[in-house]
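Colleague: I am new to this structure and would like a close look at one part of it. Could you pick a single charged residue and lead me outwards from there, one step after another?

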Amino acid sequence: MAETMGIRLGGLVLGSDDPERLSAWYRAAFAPSAEPGIVLMVGDGRLVFDGRDDLEQSTREPGRILINFYVEDIEAVAAHLKALGVTRWIRPVEGFGAGRIATVEDPVGNYVQIVELAARPGAVR
C-alpha cells in the first residue's frame, strides 16, 4: 500500500546532547568528503543530527534501532573505522545468509551495522 501512496523514508533523526560531535563522527566514518552540517546525505538517505537536552549521554537500549550502511567492501570500511579509533565492535565482520555484516557502536552508544550484500542470495564470502 505504501508504494501506491507515494510514501518513502525521508531519513533518520539522531538526537544527541552534542549533535556536532555525533555528526562529525558519522561524516568521518561514512562520508569523509561531505560538508559539515546537521544533515548528512548518504546515498538517497538523510541522517539528521538534532540537539536535545532531554536525553542521557548514552543510549540506554542500543539494540532498539540499528542503523544500517550498505557498503561495497566491508573489509575496507572496517579498516577505515579501526583507523578512526573505533574499538567497540558489537559484532565483528562475519558472514550471514545475504552477505557479510559487522556492528559497531557510535559515540553515544547507537548500534551501527555495515552490510556487504553478496552478489547472489545465499552466497557468503
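Modeller: Let's start with glutamate 105, which counts as partly exposed because its relative accessibility is 23%, while buried would require a value under 20%. Please keep in mind that this is a predicted model.

Which residue does glutamate 105 form a salt bridge with? The partner is arginine 88, and the closest N and O atoms of the two are 3.6 Å apart. This pair connects distant parts of the chain, 17 residues apart: glutamate 105 belongs to strand 6 (residues 99-105), whereas arginine 88 sits in the loop between helix 3 (74-83) and strand 5 (89-96). Arginine 88 is partly exposed too, because its relative accessible area is 45%.

Staying with strand 6, we come to another salt bridge, in which arginine 100 pairs with glutamate 116, again with 3.6 Å between the closest N and O atoms. Arginine 100 is in strand 6 and glutamate 116 in strand 7 (residues 111-117), so this pair ties together parts that lie 16 residues apart in sequence. Are these two partners buried or exposed? Arginine 100 has a relative accessibility of 13%, so it counts as buried, and glutamate 116, at 3%, counts as buried as well. Neither stands alone with the other, since salt bridges with shared partners join Glu75, Arg100 and Glu116 into one network.

How many salt bridges does the structure hold? There are six. One of them links aspartate 54 with arginine 52, whose closest N and O atoms are 2.6 Å apart. Arginine 52 has a relative accessibility of 34%, so it counts as partly exposed.

Back to strand 6, this time for its neighbour. Strand 5 and strand 6 run antiparallel and are joined by five bridges. The connection between strand 5 and strand 6 is a hairpin of two residues. If you want a place to look for the pairing, find arginine 91, which stands opposite threonine 103 of strand 6.

Strand 7, where we met glutamate 116, has a pairing of its own. In which sense does strand 7 pair with strand 4? The two strands run parallel, over five bridges. Asparagine 68, for example, stands opposite glutamine 113 in strand 7.

Strand 4 is a nice place to practise reading side chains. In a regular strand, side chains alternate between the two faces of the sheet. Here Ile67 and Phe69 point to one face and are buried, while Leu66, Asn68 and Tyr70 point to the other face and are not buried. Leucine 66 shows this well: its relative accessible area is 40%, so it is partly exposed. Leaving aside residues up to four places away in sequence, leucine 66 touches Tyr111 and Gln113. Leucine 55, in contrast, is 11 residues from leucine 66 in sequence and 18 Å from it in space, C-alpha to C-alpha.

The buried Phe69 takes us inside. The largest nonpolar core has 24 residues, and Phe69 is among those with the most contacts inside it, together with Trp25, Tyr26, Phe30, Leu81, Val112 and Ile114. Which elements each supply at least two residues of this core? They are helix 2, strand 3 (45-51), strand 4 (66-70), helix 3, strand 6 and strand 7. Helix 2 gives the largest share, five residues. For a look at one core member in detail, take leucine 81: beyond residues up to four places away in sequence, leucine 81 touches Ala29, Phe30, Val86, Trp89, Val104 and Ile114.

Helix 2 also carries serine 23. With a relative accessibility of 5%, serine 23 counts as buried because the cut-off lies at 20%. Not counting residues up to four places away in sequence, serine 23 touches Gly37 and Phe49.

Let's finish on the outside. Isoleucine 38 lies in the loop between helix 2 (19-30) and strand 2 (39-42). Why does isoleucine 38 count as exposed? Its relative accessibility is 55%, and exposed means over 50%. Isoleucine 38 joins Val39 and Met41 in a nonpolar surface patch of about 270 Å².

Technical notes:
Residues numbered from 1 in each chain as written. Predicted model: local features only at pLDDT ≥ 70, side-chain atom pairs only at ≥ 80, totals over all residues. Heavy atoms only, no water. Patch = residues over 30% accessible without salt bridge, like charges linked within 9 Å, V, L, I, M, F, W, Y side chains within 5 Å. Areas by Shrake-Rupley, 256 points an atom, 1.4 Å probe, with all protein chains shown as cover. Salt bridge = Lys/Arg side-chain N within 4 Å of Asp/Glu carboxyl O. Helix = DSSP H or I, 4+ residues; strand = E, 2+ residues; numbered from the N terminus. Buried < 20%, exposed > 50% of the residue type's maximum accessible area, 1.4 Å probe, protein only. Core = buried A, V, L, I, M, F, W, Y, C linked by side-chain atoms within 4.5 Å. Contact = heavy atoms within 4.5 Å. Pairing = 2+ DSSP bridges.
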